[in-house]
Amino acid sequence: MLRKTIISAIILILAAMVWGAGGRSFASQPAVSFPIAEDLLTEAKERAWSGDLRPSQGPTPSRTYFPLIRKNYPAVISTPTLENFGLCFISAAENLADETRYAGALEAGARWDRWPLYWYWVDEGGYVGPHTQPRPGYHDYDTLAIQDIAHGLSPIAILLGTPDQRATGGSPSVPPPRVQDKVFPVPGRVMPQQAEVSTAASPPIGLFEPIFADGSDDPAPGKTVNQANPWAVFVSNTVQRYKPGGVLAQAQGWGDGVGIRHWEIWNEPDLHQFWSGTVKDYYRLLEVGYKTIKLADPEATVLLGALAFYEKPNWLSDLLKQTGGDPAKAYFDVFSFHYYWSIYLTEHWLRETRSTLSANGLSHVPIWITESGVPVWDDFPATAYGVPPDSPYRGTMEEQAAYVIQNAALAFYHDVERYYHFMLHDDCGNELPDAWGLRQNFTPHVCNPAQGKRRPSFAAYQLAAEQFRDLTPLWRVKKGGQDQVAFYRADDQSRVLALWATGGVTVTATVNATGDTGQLYWIEPISSPLGTTGITRTLTLTPTLVLSVSEGTGVYTLTLPRATNRNSGLPGDTNYYIGGRPYLLVERDTLPPTSGVEPLPPTSAPGFVVRWGGEDLGSDIASYDVFYNVNGGPFTTWFTETVRTSASCAGSVGFTYGFAVRARDRAGNVEPMPTAPQASTLVVAGVPVSGTVMDADGGAVVGATVTISGTNTLDDVTSDEGGLWSATLQAGDYAFYARAPGYGTWPAPRYVTVSETIHITLTLSPPLNAVAAGDFEGPNVWEAWARPNGEISLSPEAFDGQAAALLGSGVGWPVVCVQNGQPGELWTLKQTVSVPQGYPSTLSFLSAISTTQTAFDYAWLEVVILHDGQPHYLVPWGERWRASEWTLTSLDLSAWRGQTVDVLFQVVRCSTQSFTATLDRVSVGSARLPYKVFAPLIMKAW
């Protein structure tokens, strides 16, 4: 079984690789005492709370009325960001840029220039040359820095390249790797990790000697570096030369703050061709560089050597283990990384990186993409060398232009702070056929001289740099064959929406308008005397009013061209790695937001919580005004311009309190004043209890009867059209049991101790459940369930009743894990089930995961259907690995109607991390008759 699991896992891996109201209380009224956070603020700019009755800490997510993934930002206007677009190799020490090249970079919109500063050249010929390796010539870092700064560019200097005489390994006969070397894993090519490496990739001698001359590693004013640590000496000399107020700044007469302030410690140290030492060696290199730089220039920014991921995907985790869990010992201010050719694999590594950083206390560290791009195969010089259309990791000129906009949009949505494209011109590429540039080379040039023609990607970079400024991520919709990524731009109060088709089919996009008109931008390839170039097209659009949209608003309808790029290099791969032609829709936000108060139970105890939220698709919510009334009287202001979305209240028994809210967005649009309560509740003695009744698919059950028994047994209560029910109980222990016509029931009730306001979720089984003992109650559980692998026990920590199945706690079946080559354990819970014939069926279950892993470490829960000896992974390996509370999952079994299958729940642990999964209320069947589809639901065990 595990072998099949591992084989499928390998396939998946390969596929992935290519792929306040001013302190006011309620007005005094007879017999009413309603103090509410007496010290609440009067001004939106004040954010501190005081007093005993305080709103819960932190804003809660806004209510969502449109299918989107919302960025959970506080409801306050953000400060403008710095210019965030850069290029690699606008200029380089061995081939200084002329005015035409600088003018082109600035016209494109770049404000940053990233280039290498090779130690072996400096060691051989100083900072202005000459050098002999890799070929005789001059380099001039002084002029490079002067020219960049004179043109208003901020340099990032990459410090790398161990000199031959200071290396601890490698071969001096192997040429030093260049930062522009982009060697992808192409079949038949000898990869750098398989070949001998240069001395330039070697850890330097003396690296573990003390950093400072006093024999310590602790920087302090007045200290000097230890001459026995050559790396520290080189870093110190370089920063002292180029920092603001340094040697060059004084010679040039630069003003305060002018100089090089951004230093990157090596390039792609997770690739063997660039760093042949261990992770521990690089950590020391980073520590020495960081402390030396900060002593020379405390305001300097230190970047981690940008990672490439594909050779050593766990390298970052291994590096951060060197800190011993102390974030202060990470020794970098910015995390930088490189990824090419696939917008969604770049996004994958953004998510993985942020997760790893957060797990190590580094969630505050900014992320920069310091290299990204895709070379073209349909333009010179690639065409002159016969590069085929299906060449891996390449694209057409139009696909390259699409990549620039799409990759930047996804990067900024995931809070990337700086975005660099590789590169302005083709130069010599990684290999001569490579056409990486936004434009061709000019004549003369040592490689592939041409006329400097601009490709469509040049216009795409211009458009992205112009429009992706001062952005705050808003929301994202990725479904129906399209991707929509929305931002708010504060400087002109506009929503900027990037959208494109994700697959090989043309799709129609419908976008809710936020203003009266919108400006549409896209890049169109055009012919020129030099060949295909590109131009930015623009069109003014007027939204169409439709009845289903709120009064005064409308929709835009756009046709999105299909995606075309499948150049992964894997035979038969049908995934798309760049979307179709992207569009940018920009419109000023002139529409007010929508908001509301969450429903309250009919009755509440004297202390209860009011929650409110809102939505604004154009600029997001900035603040709320919240109002209340008593017994239907006039509204009184509770909060003014608050960013909170909940507050605790105290009321008097026998009085009804109503609440309403209005929102204002970041663009300054304000909702009309509410005229009636949006939620109300009667205060009674006791503890308010509410809940939801759901079917096996997570759908609301209307008219369900909930029986409550215990300390204060009540009459039955009935769920409303949303499946909601409520009651007021005395504190104590209770059993809650739900039933409804047309649904099955579970034999065991849900047991809850009531001591404060609580929300209780109850579930009903399908009317005909094909699973036996799916609630794991009673004496015959193991007669229905087989346990072929590992020790599986019953846990009293059940969702309902007295028992649930626990996988991963006992001794597992020993296995060898192909994923990481480590010994592991396997636990399998199995039942043979006949899937009903006449109607669609689902496999539904509740699960909770407990684990010590905070990033994926080869332990997971998977769900498999075994039919005719073939496994079908409904929940594949590596998907369910995070710790979670009770989660309801519903999986479609329509493909096996009328068939007999084995349902397998498996926990696989291939690491030293603890990992258990608890299962309860497993069912197979139709949730109700007639069948109705609901999406899987994540449930909190309140």
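This is a short dialogue on reading salt bridges, a helix, a strand and disulfides in a predicted model.

Me: Let's start with charged pairs. What is the general idea, and how many salt bridges are there here?
Reply: Side chains of opposite charge can pair when their charged atoms come close. In this predicted model the count is 36 salt bridges.

Me: Take Glu107. Which residue does the side chain of Glu107 meet in a salt bridge?
Reply: Arg454, with N to O at 2.5 Å. Place both ends next. Glu107 sits in helix H2 (residues 99-108), and Arg454 in the loop between strand S9 (416-421) and helix H11 (456-467), so the bridge ties together parts that are 347 residues apart in sequence.

Me: How accessible are the two ends, Glu107 and Arg454?
Reply: Glu107 has a relative accessible area of 43% and is partly exposed. Arg454 is partly exposed as well, at 27%.

Me: Now Arg261 and Asp297. What is the N to O distance in their salt bridge?
Reply: It is 2.7 Å for Arg261 and Asp297. This pair links distant parts of the chain, 36 residues apart. Arg261 is in the loop between helix H6 (247-252) and strand S5 (262-265). Asp297 is in the loop between helix H7 (279-296) and strand S6 (301-304).

Me: Are Arg261 and Asp297 buried or exposed?
Reply: Both Arg261 and Asp297 are buried.

Me: Where do Arg469 and Asp491 lie?
Reply: First the contact: Arg469 forms a salt bridge with Asp491, and their closest N and O atoms are 2.7 Å apart. Arg469 lies in the loop between H11 and strand S10 (471-479), and Asp491 in the loop between strand S11 (482-489) and strand S12 (494-501), so the pair ties together parts that are 22 residues apart in sequence. Arg469 is partly exposed at 29% relative accessibility. Asp491, at 45%, is partly exposed too.

Me: Which residues do salt bridges that share partners join into one network?
Reply: Asp217, Arg284, Glu287 and Lys291.

Me: On to helices. How do I check the span of helix H9?
Reply: Work from the rise per residue. H9 covers residues 343-359, 17 residues in total. At 1.5 Å a residue, H9 should span 24 Å. Its end C-alpha atoms are 25 Å apart, which agrees.

Me: Which residues of H9 are buried?
Reply: The list starts with Ile343, Tyr344, Leu345, Thr346 and Glu347. It goes on with Trp349, Leu350, Thr353, Thr356 and Leu357.

Me: What phi does Gly361 take, just after H9?
Reply: Gly361 takes a positive phi of about 75 degrees.

Me: Next, strands. What pattern should I look for?
Reply: In a regular strand the side chains alternate between the two faces of the sheet. Strand S13 (residues 507-512) is a case of this alternation. Val507, Ala509 and Val511 point to one face and are buried. Thr508, Thr510 and Asn512 point to the other face and are not buried.

Me: In what sense do S13 and strand S16 pair?
Reply: Antiparallel, over 6 bridges, with S16 spanning residues 555-560. Within this pairing, Thr508 stands opposite Thr559 in S16.

Me: Last, disulfides. What are they, and how many are there here?
Reply: A disulfide is a covalent bond between the sulfur atoms of two cysteines. The count here is 2 disulfides. Numbering the bonded cysteines in sequence order, the pairing is 1-2, 3-4.

Me: Which cysteine does a disulfide join to Cys428?
Reply: Cys447, with S to S at 2.0 Å. The torsion about the S-S bond of Cys428 and Cys447 is about 85 degrees, so this disulfide is right-handed. Both Cys428 and Cys447 lie in the loop between S9 and H11, 19 residues apart in sequence. Cys447 counts as buried, at 11% relative accessibility.

Me: And where do Cys817 and Cys910 lie?
Reply: They are joined by a disulfide, S to S 2.0 Å. The link of Cys817 and Cys910 has -80 degrees about the S-S bond and is left-handed. Cys817 is in the loop between strand S36 (813-816) and strand S37 (823-834), and Cys910 in the loop between strand S42 (900-909) and strand S43 (915-925), so the pair ties together parts that are 93 residues apart in sequence. Cys817 is buried at 1% relative accessible area. Cys910 is buried, also with 1%.

Technical notes. Residues are numbered from 1 along each chain as its sequence is written. This is a predicted model: local features need pLDDT of at least 70, side-chain atom pairs count only at pLDDT 80 or more; totals for chains, interfaces and linings use all residues. Side-chain values use heavy atoms; hydrogens and water are left out. A salt bridge is a side-chain nitrogen of Lys or Arg within 4 Å of a carboxyl oxygen of Asp or Glu. Helices (H or I, at least four residues) and strands (E, at least two) are DSSP runs, numbered from the N terminus. Buried means under 20% relative accessible area, exposed over 50%, partly exposed in between (1.4 Å probe, protein chains only). The expected span of a helix is 1.5 Å times one less than its number of residues. Two strands pair if DSSP finds at least two bridges between them. A disulfide is a pair of cysteine sulfur atoms within 2.5 Å.
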